[in-house]
Amino acid sequence: MQALPRITVEVPVLGIGAGPSDFEALGTHVQALRRPQGLHLTLLHIGILEDFARDVTDWTKGTTSADEAIRQTAAWLRALPVLDGFSGTAERLLVLGGGGVAGLEVDVPQQVHEFQVALVQGLRELLDSLLVDSVDDFILGSPALGYRYPHWVPHVAVGRPKSRDRQPTEIAPLAVVFGPSRIRNGRFLPAAA
């Protein structure tokens, strides 16, 4: 049985550093370096749409059905604006996800932060329309959304940390080029009604 896809709003990485050797040099700090083709920066994580819808139904004690939550969420995702491509700089590797993920911390332009804030505000408005009360509590408590921290740190997951040390690792500055935003696994969203 195939796992259900996770839905995110992300920007794909088009390039890191001056060439492949700059990315491969991260292997001195990271185990199981990911392939550059799949690298991305997540702007908003929805998770598995069916799980998100179940979280909404549970939170609203059935007032909002899972089908309605899926329909409205898919429509909201399809209507999101697109963030144009941009460049950023990475100078540190962070340990994320309970210690299992090494990520490049990326300094991104202000408009990227503003776009991400607008996405979270849009998510709040979506949840309000789905009759979710205490929206911020839901966002931090929904297993599907998976938020552990209210503060967004722009990063690109690149592998597993070699060290169990949780301290950031300074690296030589790398330019990171990103493409326009997209809905990851958007092809799996249900068809518009």
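**View 1. Leu123 and the residues it touches.** In this predicted model, zoom in on Leu123 and skip its neighbours within four places in sequence: what is Leu123 in contact with? The list starts with Leu44, Ile46 and Phe52. Trp76, Ile139 and Leu145 complete the set.

**View 2. The largest nonpolar core.** Step back a little and Leu123 turns up again, as one of the residues with the most contacts inside the largest nonpolar core. That core has 53 residues. Leu43, Ile46, Phe52, Leu104 and Leu127 share the top-contact list with Leu123. Which helix gives the most to this core? That would be helix α4, residues 110–129, which puts in seven residues.

**View 3. The chain from end to end.** Now follow the whole protein chain, with its five helices and eight strands. Starting at the N terminus, you'll meet them in the order β-α-β-β-α-α-β-β-α-α-β-β-β. The radius of gyration is 18 Å, close to the 16 Å that the globule rule gives for 193 residues, so the chain is as compact as a globular protein of that length. Along its principal axes, the C-alpha trace spans about 50 × 35 × 35 Å.

**View 4. Inside and outside.** Of the 193 residues in the protein chain, 42% are buried. Take the contacts with a separation of 6 or more: 82% of them are between residues 24 or more positions apart. On the outside, the chain exposes about 10600 Å², with carbon and sulfur atoms supplying 53% of it. As for charges, there are 17 positive and 21 negative ones, and their mean positions are 9 Å apart.

Note on methods
Residues are numbered from 1 along each chain as its sequence is written. This is a predicted model: local features need pLDDT of at least 70, side-chain atom pairs count only at pLDDT 80 or more; totals for chains, interfaces and linings use all residues. Side-chain values use heavy atoms; hydrogens and water are left out. Helices (H or I, at least four residues) and strands (E, at least two) are DSSP runs, numbered from the N terminus. The radius of gyration is taken over C-alpha atoms; the globule rule is 2.2 Å times the number of residues to the power 0.38. Buried means under 20% relative accessible area, exposed over 50%, partly exposed in between (1.4 Å probe, protein chains only). Contact means heavy atoms within 4.5 Å. Accessible areas come from the Shrake-Rupley method with a 1.4 Å probe; for residues, only the protein chains shown count as cover. Lys and Arg count as positive and Asp and Glu as negative; His and the chain ends are not counted. The place of a charge is taken as NZ of Lys, CZ of Arg, CG of Asp or CD of Glu. A nonpolar core is a set of buried Ala, Val, Leu, Ile, Met, Phe, Trp, Tyr and Cys residues joined through side-chain atoms within 4.5 Å.
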